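Biologist: Can you take me through this model, starting with the DNA side?

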2 protein chains.
Amino acid sequence: MISSIAELIADRIGTMPAGERRAAQTLIASYPMIGLKTVAEFSAAAGVSSPTILRFVARLGFQNYPEFQSSLQDELAAQLQSPAIRSLNPPSPGGGTVSPMLEATLDNMRETFRHLSDKQLEDIAARLADRRGKTFLIGGRFTDPLARYMAAHLAVVQSDVFHLAGQESMWRDRLIDMGKRDVLVIFDIRRYQDSLVRFAEKAHQRGVQIVLFTDQWLSPIARFARHVIAGRTAVPSAWDSSAALFVVAETLIGAVTRQLEADGARRIREMESLR
Amino acid sequence: MISSIAELIADRIGTMPAGERRAAQTLIASYPMIGLKTVAEFSAAAGVSSPTILRFVARLGFQNYPEFQSSLQDELAAQLQSPAIRSLNPPSPGGGTVSPMLEATLDNMRETFRHLSDKQLEDIAARLADRRGKTFLIGGRFTDPLARYMAAHLAVVQSDVFHLAGQESMWRDRLIDMGKRDVLVIFDIRRYQDSLVRFAEKAHQRGVQIVLFTDQWLSPIARFARHVIAGRTAVPSAWDSSAALFVVAETLIGAVTRQLEADGARRIREMESLR
DNA sequence: GGAGCGCTGTATCGTATGTTACGTATTTTG
DNA sequence: CAAAATACGTAACATACGATACAGCGCTCC
């Protein structure tokens, strides 16, 4: 079973003529980067001519050079999605059904945050902390609890935080209260909900700033969103995991709280005294 | 100091027009693979035209598209050479707010699961999957969304799943429906809510089996509970983190689904056909 | 309500890139 | 040692790719 081009090369390098062998060795030496460049660059690096490179990829079984490159890219993509860090967490001798799920979840989080810079989060937090507008939150069938969770926390440190619940017609009517200075936080992962998309579009038309939590395939709402947070959701289960998005939400809650520190602290104290 | 294109994008995404922002988001979502493909593919994935992609890379400071691609490749190459330091987000020496939060959360999860055996989880899952009784879920001020999340999923694979919402008096009345064969899942972390404790006690008196999600200091409800899941909640933030509990909940959801596989699969299909 | 600006997509163009044909060099074999 | 077969590079070719000019549209600001 051959699963990577590198193996394929190792398998056939013995049967190759001198020129192609040099190509193979050059590719292996800085695998797979050279293969992503142009034929001319590849040939120059290997010290052979362009046609030799093409004959080389043909011998590997590819119809043409672009096809070869696509294959390399797919390989890279797969590699990047399951970071090698996995090996750093010992395979938890237990073995049971728990480990794979936990491991995948941890990977998802690392991967999600890898695509997320401090600056982005701070920007979004700043937007949420900006007290000139209101904050609305809403989610889909399985993600609405995340919206609630976030709303519950934000509502403690600032006023004008509203979770949109209930029937579609209910929240649609709330559109009238929304304007340019307001923020709408939407959670939407596969399978994306039409009702949410429609709602997002209408809100967008009113100039509302949309912060979208979605999965790596991006909900169609992304096109209306000012900020998009793409979380990894794949786990060995019948369900997708929202855990990564949950952690991003918590991180944001923390960031907003920090930015509102002065005001927020007072607010929290007041609130405590009211209980 | 900007060292990666991802950062560069995060830095300037705020100043970009809508179309280019979509390009940026698409790139970040599957960073950096899309950027290595052709302009046509990139533009199609982002849902914009080719010139918009080119304007996008121009705005990032590149003279032309190939130069942009080379830069991405260099980045990838550097990344591949030091697999240990996979983190795209540099260790944020400036005290980035993200890393410590994420690290703490990941630690919490590992620690939480370290104290949780496969057997325990399977037992709880079996209890929840046992279809002779009903399942009720409820949570506290900040944890109720977790109860909702779990309820939303369980309700798909089995009947008789109820989330207890609204006023305290509302759910207190539901006690009348609860008996020995039923399960009550409660989420309660500091500061523990008296109302929940009272409710748990009454349910316990009726012989209801209680599954408690709490923090490492254990809610007083623990004394009534048949199963206790203690999650770590400490993070460098003003708030406690429920992320570990969330992941346990997802794990349980997965386990229950698996145990109900035969029935559950049919149920899910039926449900799909109803939509 | 009108004028101006900026953003975006369509259509066209030039060119860099992959591809192929062919001639020369090198090795292999009888 | 000769002759054939294979390998390799040069050079011409075609295509697909990136780049650009331009027009339509929406938005903002008078």
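Modeller: What follows covers the conventions, the two DNA strands, chain A and then the aromatic pairs.

Modeller: This is a predicted model, where local features need pLDDT of at least 70 and side-chain atom pairs count only at pLDDT 80 or more, while totals for chains, interfaces and linings use all residues. Residues are numbered from 1 along each chain as its sequence is written, chains are lettered from A and ligands numbered from 1 in the order in which they are written, and side-chain values use heavy atoms, with hydrogens and water left out.

Biologist: Which residues come nearest to DNA strand D?

Modeller: G19(A), T52(A), V39(B), L54(B) and N64(B), out of 16 residues around the strand; a residue is near a strand if one of its heavy atoms lies within 4 Å of it. Of the strand D atoms that come within 4 Å of the protein, 65% belong to sugar and phosphate.

Biologist: What reaches the phosphate oxygens of strand D?

Modeller: A backbone N or O atom of G19(A) is 2.5 Å from one. A side-chain N or O atom of S49(A) is 2.9 Å from a phosphate oxygen, and for a polar backbone atom of Y65(B) the distance is 3.1 Å. The cut-off for a polar contact is a pair of N or O atoms within 3.5 Å; within protein, one must be able to donate a hydrogen and the other to accept it, and residues adjacent in sequence count only if both atoms are side-chain atoms.

Biologist: Which element gives the most to that surface?

Modeller: α5(A), with three residues. Helices here are DSSP runs of H or I with at least four residues, strands are runs of E with at least two, and both are numbered from the N terminus.

Biologist: And strand C, which residues come nearest there?

Modeller: V39(A), L54(A), N64(A), G19(B) and T52(B), again out of 16 around the strand. Sugar and phosphate make up 61% of the strand C atoms that come within 4 Å of the protein.

Biologist: What touches a base nitrogen of strand C?

Modeller: A polar side-chain atom of R55(B) lies 3.3 Å from one. On the phosphate side, a backbone N or O atom of Y65(A) is 3.1 Å from an oxygen of strand C, and a polar backbone atom of A18(B) is 3.1 Å from a phosphate oxygen. The helix giving the most to this surface is α5(B), with three residues.

Biologist: Switching topic. How many helices and strands are in chain A?

Modeller: 13 helices and five strands. Of its 275 residues, 53% are buried, where buried means under 20% relative accessible area, exposed over 50% and partly exposed in between, using a 1.4 Å probe and protein chains only.

Biologist: How many aromatic pairs are there over all chains?

Modeller: 17. One of them is Y149(A) with F246(A), tilted, at 4.6 Å centre to centre and 40° between the planes. Rings of Phe, Tyr and Trp (its six-membered ring) pair if their centres lie within 6.5 Å; planes under 30 degrees apart count as stacked, over 60 as edge-to-face and the rest as tilted.

Biologist: What does that pair tie together?

Modeller: Y149(A) is in α9 (residues 144–157) and F246(A) in α12 (residues 243–259) of chain A, so the pair ties together parts that are 97 residues apart in sequence. Y149(A) is buried at 1% relative accessibility, and F246(A) is buried at 2%.

Biologist: Which residues join them in a cluster?

Modeller: Ring pairs link Y149(A) and F246(A) with Y149(B) and F246(B).
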